[in-house]
Every structure is written in C-alpha cells, then in structure tokens.
Amino acid sequence: MNEHGKQARPLQPAPNERNVTVADVARHASVSTAAVSFYFSDRAEHLKRVGPEARERIRAAVEALGYVPNKTARHLRRQKSERLCIILPKLGIPYADKMVQDLGQAAVERGLLPIVSTASNIAELQKVLAEVEAGLADGVVADVEYLSEEQVDEVFAGMGKDCLIIHSTARSMRFSVLNNGLVAALETAFEDLISKGHRIFAYVQNTGLSPNHRLQAIMDHQRRFNGDVAIDTMVGASERSLAANCARRIVALDPRPTAVFVESDYTAVTVIEEFSRLGISVPREIAVVGCGNAEEGFYCEPRLTTIGPEWGSLEEAGRYLIDSIATSERQPPRAFHTSWTYILRASA
C-alpha cells in the first residue's frame with residue numbers, strides 16, 4: 001500500500017534500464033515488430049516494405065531508446081558472419097599492405113568486417129579455408145601465387161563460399177580469378193637487361209618453395225641462349241637481414257653477377273645498401289631490379305628499377321566479390337586481369 005492506501009503497481013524498468021528489444025522500438029514508433037526487422041535488414045527488398053514516415057519514426061525510436069541491433073542473432077538467422085577473409089603469403093610488405101587497405105576499405109563500405117590471415121604454403125592455406133567454411137567469413141580473397149594451377153583447383157574445388165583467387169595463370173569456372181601480369185613484366189625486365197649486355201644474373205627468391213612462376217619464367221628465357229646466360233638462385237627476399245646476406249654472397253661469386261633480381265622492393269633496397277657498404281657501384285658494377293613498385297624504392301639511392309601492378313583491376317575484382325557477399329546474391333565467377341609494368345629507373 002502507498003501513503004494513500006492504494007495498491008502500488010510494480011515498477012516497470014525503463015527501457016534504458018534493461019536490454020531494449022525490437023518490441024520496445026516497435027511500440028515507441030507505433031509500427032509492427034516486422035517493420036523494425038525490415039528496417040534493420042540490409043536487403044533492399046525488405047527495406048522497401050517500410051515507408052518513409054515509418055522509417056523516420058523507427059529511427060527516432062532507436063535513438064531515443066538507445067537500441068542496439070543484436071547482430072549475433074541476425075548472423076545466426078541469416079547464417080552469415082558479415083566478414084571477408086583476406087589471405088596473403090606475408091604481411092608487412094608494401095604490396096600486401098596496400099591490398100589489405102584497399103580491399104578492407106571496400107569491404108567496410110559494404111558493411112563487411114575484413115579479417116586478414118597469412119598462408120605461405122598449401123597446408124597453412126587449407127587450415128585457414130577450413131575455418132572460413134566453418135563460419136569464420138562469408139568469402140575469401142586469396143593471393144596464392146605459390147600454388148601450381150593444379151593445386152589451386154584442388155584446394156578451392158570444394159569451397160562453398162565466394163572466392164577470388166589471385167594467381168598469374170590459374171583458370172576456373174568455379175570461382176573468380178584475378179590473373180596478374182607480374183611474370184610478363186618480369187620477362188620484359190629480363191629482356192631489357194639482356195639487351196644491355198648482361199649475361200650473369202643472381203635471382204633472390206622470397207622462399208625456396210615450388211612452384212615459383214617468376215623464377216620459372218626467367219629460367220625459360222635462360223634456355224633460349226644455349227648456355228650463354230647463367231643464373232645463380234638464392235633465398236632471402238623475405239627479410240632484410242637475409243637480403244643483406246644474399247648481397248654479400250653475390251659479391252663473392254666467381255664470376256660475379258652483373259644483374260640481380262629481388263622478389264621484393266623492400267629487400268631490393270637492402271641489397272643496394274649492402275652493395276654500397278661493400279664498395280660495389282649500382283648500376284655500374286651490378287644492376288638491381290625489385291618487385292612491387294613500393295614507395296621506398298623510389299627514394300633510395302640510386303632509385304630502384306622495379307615492376308609494379310596497376311591497382312584498378314584488383315579493386316574491380318574485389319568489389320565484385322564484396323558486392324556478391326553483401327547482397328546475398330551470389331554472382332557467377334568472373335576472370336579479371338591486372339597489368340604489371342616494367343618501371344626503369346637508375347638502378348638498372
């Protein structure tokens with residue numbers, strides 16, 4: 001009883017004192033709970049079912065009540081994670097970092113959360129893809145240059161998610177593929193050095209794993225010269241300390257190479273710096289060519305000759321995949337191509 005002798009009614013918690021529900025928003029906006037659900041749907045056909053006036057009332061109710069949509073429940077209901085998985089062989093290099101930045105921004109613009117993973121061999125890749133299939137993400141962009149065409153088909157054949165594969169030569173009718181022109185640009189660089197009289201080369205790889213499409217292209221060109229061209233291969237383009245070791249090994253070779261290819265601009269700059277410490281002039285004694293067209297190469301001394309991609313095709317391919325995921329309307333696989341360019345500067 002209260003002071004007036006009347007039965008006191010139990011106090012109802014204010015909406016902001018408990019978890020606000022869809023029903024609370026519906027009552028506050030004078031609409032049905034279905035209308036609120038449609039309002040929060042990212043599917044255009046659902047949102048059209050809520051008129052402009054009702055949408056404004058729902059928006060005001062959400063703001064007044066402090067309602068936060070239960071995305072976890074929505075994910076379970078739609079069986080979607082609203083995440084995009086970007087798989088790269090290595091992080092911390094300009095090419096990979098730009099890819100993550102551009103694809104990640106495109107994903108966020110479409111309401112997807114980008115997550116990044118690394119895989120540099122088939123076992124690591126299969127492990128990440130198994131997590132994606134289990135619900136980690138709704139789609140995959142994977143740079144798998146280290147796989148053969150047969151391995152690409154084998155690994156991605158059973159994927160039930162949207163996939164965009166970045167590879168120099170792979171083809172498929174089951175998933176979208178972005179073929180890059182890296183190998184063609186590398187062949188152009190090699191032919192340019194041959195035309196300038198270079199016959200003894202060193203090639204510094206990221207890893208010693210096969211297949212290496214870049215190295216294979218160089219070796220194919222070597223065979224055309226009937227033994228007149230020699231190529232020493234070594235591993236060390238993935239880290240600065242390893243690249244410096246490779247530079248010292250190159251200087252000690254007999255006969256000494258007059259031109260060096262390095263599979264990363266990041267470490268090609270280190271090779272140039274180490275040559276300078278050893279008293280070797282670039283390019284007068286040894287020419288150096290990198291890969292990736294990183295900004296650092298432009299500002300080193302001498303400026304680094306390199307090969308680099310044109311990013312427009314990657315962005316187009318990435319948005320095609322992201323739109324397919326975001327709209328829940330799976331698009332047919334497409335083939336894309338991105339050109340790479342031989343960028344001649346002072347180091348060669």
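Around the buried residues of α10 you'll find, among the covering elements, β4 (162-167), α9, β6 (200-205), β7 (230-235) and β8 (259-262). Keep in mind that this is a predicted model. Eight of the eleven residues of α10 are buried, so the helix is largely enclosed by the rest of the structure. The buried ones are H213, R214, L215, A217, I218, M219, H221 and Q222.

One of those covering elements, α9, is worth a closer look. The axes of α9 (residues 182-195) and α10 (residues 213-223) come within 9 Å, crossing at roughly 40°. That makes the pair oblique, because an angle of that kind falls outside the ranges for roughly parallel, roughly perpendicular and roughly antiparallel. The crossing itself is right-handed.

Here is who takes part on each side:

| Helix | Residues in the contact |
|---|---|
| α9 (residues 182-195) | L182, V183, L186, E187, F190, E191 |
| α10 (residues 213-223) | H213, R214, A217, I218, H221, Q222 |

Sorted by class, this contact has six nonpolar, three polar and three charged residues. As for the spacing along each helix, an α-helix has 3.6 residues a turn, so residues three or four places apart point the same way.

What caps the N-terminal end of α10? N212 does that job, with a side-chain oxygen 3.1 Å from the backbone nitrogen of R214. R214 also turns up in the contact with α9 and in the list of buried residues.

Zooming out, the protein has 14 helices and twelve strands. Of its 348 residues, 47% count as buried. Among contacts with a separation of 6 or more, 69% come from residues 24 or more positions apart.

Conventions: Residues numbered from 1 in each chain as written. Predicted model: local features only at pLDDT ≥ 70, side-chain atom pairs only at ≥ 80, totals over all residues. Heavy atoms only, no water. Axes fitted to C-alpha atoms, helices over the stretch in contact; angles between N-to-C directions. Helix = DSSP H or I, 4+ residues; strand = E, 2+ residues; numbered from the N terminus. Parallel < 35°, antiparallel > 145°, perpendicular 65-115°, else oblique. Left-handed = near helix turned anticlockwise from the far one by under 90°. Contact = heavy atoms within 4.5 Å. Nonpolar A, V, L, I, M, F, W, Y, C, P; charged D, E, K, R; others polar. Buried < 20%, exposed > 50% of the residue type's maximum accessible area, 1.4 Å probe, protein only. Polar contact = N/O pair within 3.5 Å; in protein donor to acceptor, adjacent residues only side chain to side chain.
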